[in-house]
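Biologist: I have a new model open and would like to learn how to read it feature by feature. Can you walk me through it?

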Amino acid sequence: MFFERPDSGELAILVHLNITQKVDANDPREFEELVLSAGGDPVAFLTGQRTVPDSRYFIGSGKLDELRSLVMHHQAGLVIFNHELSPSQERNIEKELQCRVLDRNGLILDIFAQRARTHEGKLQVELAQLEHMSTRLIRGWTHLERQKGGIGLRGPGETQLETDRRLLRARIKSIHKRLEKVRKQREQGRRSRSRAEIPTLSLVGYTNAGKSTLFNVVTDAGVYAKDQLFATLDPTMRRIELGNSGPAVLADTVGFISHLPHRLIEAFRATLEEAANADLLLHVIDVADEERARNIYQVNEVLEEIGANEIPQLLVYNKIDLMEDYSPRIDYDEQGKPCAVWLSAQNNLGVDLLFEAITALVAEKIFQASIRLEMSEGSLRARLYRHNAVLDERYQEDGSCEMDICLPEVDLIKLLAAENHSLDSLVCVDNHRNHDEPAVRTANRH
């Protein structure tokens, strides 16, 4: 936008150093997948090891000479580091190599810029790019001094660099205002769903875990899904039906990655709030990934950063078709609640088990029991039928009736209040009891 840089193509030299002082290092295989996902063509991979990065070039002088030789040999126009470089390090390396230099954060930003489709997504990406660019403006104007003087050319005395920084600040402020409006609109939608007692489910997980494929299978939404990192940026929401539990809203969100740039988390906060305000998180995991334990940890770290770490999770182990001796199943915790589902979204294996597990977790707010109504409670009986809550009905010799009902507890409370009843006063019947025993008067909630 503001830079005058050497002409460059897509041939890329990749650089990865093992920094011995850094415990949680970036994965070089994932780095190469990121480059391919961005449309780059890696022609060489330079590796090395240092105790601490060089303050001027990040790599040492010997590696810099080796990198210069690789750039000249392959006629590469792009060098990408699997690390976060300071603005001065990027500028110094570009000056030495005479080609474009990109760090890991800049690479991820470029991928996000390619993937964004909606107006909101483009705003979020632009915000992250501008904030990243604001610290790197100086390299674009090193060939200029102060603005020229003369008739009609006298400015306010600013340097071109200061002018660009002022324009950037104004644009960033404008985008923040527009994203705040988006955030308020999303919050209004969440309040409406909350008033209607519609649970919200949010798909979260490491990038390329298969979230969008699963979303398409469950909702038939037809969103973009591909075997590449960050195929999804723009959130999509669809209504799904959970049998007797009623409707729910399922949201597909952006995938997470290790060391996700903080600027991206801030820029996509309006989108990530869908996960932070969900009733249940469906944590999709690529079961065939050797680094799945590390990926789970990274996702939980991001969830903690956005304040979603306390929300109940259902682990969804996807891609079991890539493993041997794995079949669809549900795992239960010590309380008998579903805690994990094993499935293959690509082959539509075990998706019915996912619905079963979700329904069991969401159905904690569903009232299902056998109740007894006296002859005088015909109005309540009629209301239950109008709500399609009656599963079965049996009349007794004394004129009373026993009804098997199932409906959301909040709807039942409203219905009983209209008839001057309360939930505690409802007579519930245990169908398996000895008929000489008295009827149970406590609600049986599942």
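Biologist: Let me start with a helix: which strands does helix H10 lie across, and at about what angle does H10 run to E8?

Modeller: Bear in mind that this is a predicted model. To place a helix, look at which strands it touches and then at its direction. Here helix H10, residues 292-305, lies across E5, E8 and E9. Its angle to E8 is about 150°.

Biologist: Which other helix lies across E5, E8 and E9?

Modeller: Helix H7, residues 211-219, lies across those strands and also across E6 and E7. H7 runs at about 155° to E7.

Biologist: What is the strand order of the sheet that holds them, and is the sheet open or closed?

Modeller: For a sheet, read the order across it, then the pairing, then the edges. This one is an open sheet of seven strands, ordered E6-E7-E5-E8-E9-E11-E10, and its pairing is mixed. Strand E6 (236-241) and strand E10 (329-332) are the edges, each pairing on one side only. On average, neighbouring strands are turned by 25° against each other, direction ignored.

Biologist: How many bridges join E5 to E7, and do the two run parallel or antiparallel?

Modeller: Strand E5 (residues 200-205) and strand E7 (residues 247-252) run parallel and are joined by four bridges. To find the register, pick one pair: Leu201 has Leu250 in E7 as its bridge partner.

Biologist: Now the N-terminal part. Which strands does E1 pair with?

Modeller: Apply the same reading there. E1 pairs with E2 in the parallel sense over nine bridges, and Leu11 stands opposite Asp41 in E2. E1 also runs parallel to E3, with four bridges between them; Ala12 has Leu78 in E3 as its bridge partner.

Biologist: Is E1 mostly covered or mostly open?

Modeller: Mostly covered, since seven of its nine residues are buried. Take His16, which lies in strand E1. Its relative accessibility is 4%, so His16 counts as buried. Leaving out residues up to four places away in sequence, His16 touches Asn26, Pro28, Phe45, Leu46, Thr47, Gly48, Asn82 and His83.

Biologist: How do I read burial along a helix, say H1: which of its residues are buried?

Modeller: The general idea is that an α-helix has 3.6 residues a turn, so residues three or four places apart point the same way. In helix H1 (residues 28-37), the buried residues are Glu30, Phe31, Leu34, Val35 and Ser37. Down the axis of H1 they fall within an arc of 160°, so they line one face of the helix.

Biologist: What covers the buried residues of H1?

Modeller: The cover includes strand E1 (11-19), strand E2 (41-50), strand E3 (78-81), helix H4 (104-115) and H10. After H1 comes Gly39, with a positive phi near 95°.

Biologist: What about the chain as a whole: how many helices and strands does it have, and what share of its residues is buried?

Modeller: The protein chain has 13 helices and 15 strands, and 48% of its 446 residues are buried. Among contacts between residues at least 6 apart in sequence, 68% join residues at least 24 apart.

Biologist: And the confidence: what is the mean pLDDT of the protein chain?

Modeller: The mean is 76, and 76% of the residues reach 70 or more. Look for low stretches too. Residues 141-154 have pLDDT below 50, with 17 contacts in the model beyond near neighbours in sequence. Over residues 432-446 pLDDT also stays under 50, and the model has 28 contacts there beyond four places in sequence.

Technical notes:
Residues are numbered from 1 along each chain as its sequence is written. This is a predicted model: local features need pLDDT of at least 70, side-chain atom pairs count only at pLDDT 80 or more; totals for chains, interfaces and linings use all residues. Side-chain values use heavy atoms; hydrogens and water are left out. Two strands pair if DSSP finds at least two bridges between them. Axes are lines fitted to C-alpha atoms, for helices over the stretch in contact, and angles run from 0 to 180 degrees between N-to-C directions. Contact means heavy atoms within 4.5 Å. pLDDT is the predictor's confidence in each residue, from 0 to 100. Buried means under 20% relative accessible area, exposed over 50%, partly exposed in between (1.4 Å probe, protein chains only). The arc is that of the directions from the helix axis to the C-beta atoms.
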